[in-house]
Amino acid sequence: MEEPVFAVYVAGQLERFSIELIGLESRIFGESRVDLEDLAGVVLAHPLTQEILAYALCRSETRPDGSLAVYTLAVNPKYRHRGYGTALIAQLTERYGYFSDLVICVPQMIPEYRSLIQILARAGFRANYQYAYVDPSQARTTTTMIRRNPDFSTPASPADCCNVI
């Protein structure tokens, strides 16, 4: 497989993608969780067309434990299985690696659950906690909290987790 080609945009550069991010989020997840007031993260875009290939969004402030919570992470469906998910995780770790930890919550109901867990494991992330909850649609969902630097000596809880991706 060829190496994916992309341009990287972070933090203050993301506003230019706000409309496309909201549309892509709605198509992928059925609703948009893009926080335009607090837009931070990484966007991989096509170097010529600027179409979004993959993105990870997080809050600009850290969590009380000094970690950064990634609240949404996705690859544009048109560009899946081309290495952009792996490239996105690498860029996210490189750009935000100075935080004490990166936390990503992965609902087991998403079709890409196994492949996303494998990509994250190859990048050094480990499952820290699993929990079940009932979402607003009354569906029972099991979610896995994935951390880059899990502290297995401290019990985790759903309150530790970011928004569901």
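## Ala69 and strand S4

Ala69 sits in strand S4. The model described here is predicted. Ala69 has a relative accessibility of 11%, so it counts as buried, the cut-off being under 20%. Its C-alpha atom is separated from that of Leu102 by 6.0 Å. Along the chain, Ala69 and Leu102 are 33 residues apart.

The rest of the strand fits that picture. S4 spans residues 68–75 and is mostly covered. Eight of its eight residues are buried. S4 also pairs with strand S3, residues 52–58. Five bridges join these two strands, which run antiparallel. One residue pair to look for is Tyr55 with its bridge partner in S4, Ala74.

## Overall layout

The protein has three helices and seven strands. Read along the sequence, the pattern is β-α-β-β-β-α-β-α-β-β. Of the 165 residues, 47% are buried. The accessible surface comes to about 8600 Å². Carbon and sulfur atoms account for 53% of that surface.

How many of the contacts between residues at least 6 apart in sequence join residues at least 24 apart? The share is 63%.

## The nonpolar cores

The largest nonpolar core holds 29 residues. Which of them touch the most other members? They are Leu73, Leu92, Tyr96, Ile104 and Leu120. Several elements each supply at least two residues of this core: strands S2 (40–45), S3, S4 and S5 (102–107), plus helices H2 (84–96) and H3 (113–122). H2 gives the most, with six residues.

Tyr96 shows how distant parts of the sequence meet. Neighbours within four places in sequence are left aside here. Tyr96 then contacts Val10, Ala11, Ala40, Gly41, Val42, Cys58, Leu68 and Leu102. Apart from the largest core lies another, of 15 residues. Its members include Ala7, Tyr9, Val34 and Ile52.

## Aromatic pairs

A search of the whole structure finds two aromatic pairs. Tyr9 and Phe17 form an edge-to-face pair. Their ring centres are 5.0 Å apart, with 65° between the planes. Are these two residues buried or exposed? Both Tyr9 and Phe17 are buried.

Tyr79 and Tyr84 also form an edge-to-face pair. Here the centre-to-centre distance is 6.1 Å and the angle between the planes is 90°. Tyr79 and Tyr84 are both buried.

## The loop between S2 and S3

Glu51 lies in the loop between S2 and S3. Its side chain makes a polar contact with the side chain of Lys78, at 2.6 Å. Residues up to four places away in sequence are not counted in its list of neighbours. On that basis, Glu51 touches Glu20, Leu44, Ala45, His46, Asn76, Lys78 and Tyr79. Tyr79 is also a member of an aromatic pair, with Tyr84.

Gln50 is found in the loop between S2 and S3 as well. Its backbone deserves a look. Gln50 has a positive phi of about 65°, although it is not a glycine. Most residues other than glycine have a negative phi.

## The loop between S4 and H2

His81 is found in the loop between S4 and H2. His81 has a positive phi of about 65° and is not a glycine. Why does His81 count as exposed? Its relative accessible area is 77%, and the cut-off for exposed is over 50%.

## From H3 to S6

Ala123 is in the loop between H3 and S6. Its relative accessible area is 35%, so Ala123 is partly exposed. The C-alpha atoms of Ala123 and Ala87 are separated by 10.0 Å. These two residues are 36 residues apart along the chain.

Arg126 is found in strand S6, residues 126–134. Arg126 is partly exposed because its relative accessible area is 42%. What does its side chain reach? The Arg126 side chain reaches the backbone oxygen of Ala121 at 3.1 Å. Arg126 and Met145 are 19 residues apart in sequence. In space they are 8.4 Å apart, C-alpha to C-alpha.

Note on methods
Residues numbered from 1 in each chain as written. Predicted model: local features only at pLDDT ≥ 70, side-chain atom pairs only at ≥ 80, totals over all residues. Heavy atoms only, no water. Buried < 20%, exposed > 50% of the residue type's maximum accessible area, 1.4 Å probe, protein only. Helix = DSSP H or I, 4+ residues; strand = E, 2+ residues; numbered from the N terminus. Pairing = 2+ DSSP bridges. Core = buried A, V, L, I, M, F, W, Y, C linked by side-chain atoms within 4.5 Å. Contact = heavy atoms within 4.5 Å. Polar contact = N/O pair within 3.5 Å; in protein donor to acceptor, adjacent residues only side chain to side chain. Phe/Tyr/Trp six-rings, centres within 6.5 Å; stacked < 30°, edge-to-face > 60°. Areas by Shrake-Rupley, 256 points an atom, 1.4 Å probe, with all protein chains shown as cover.
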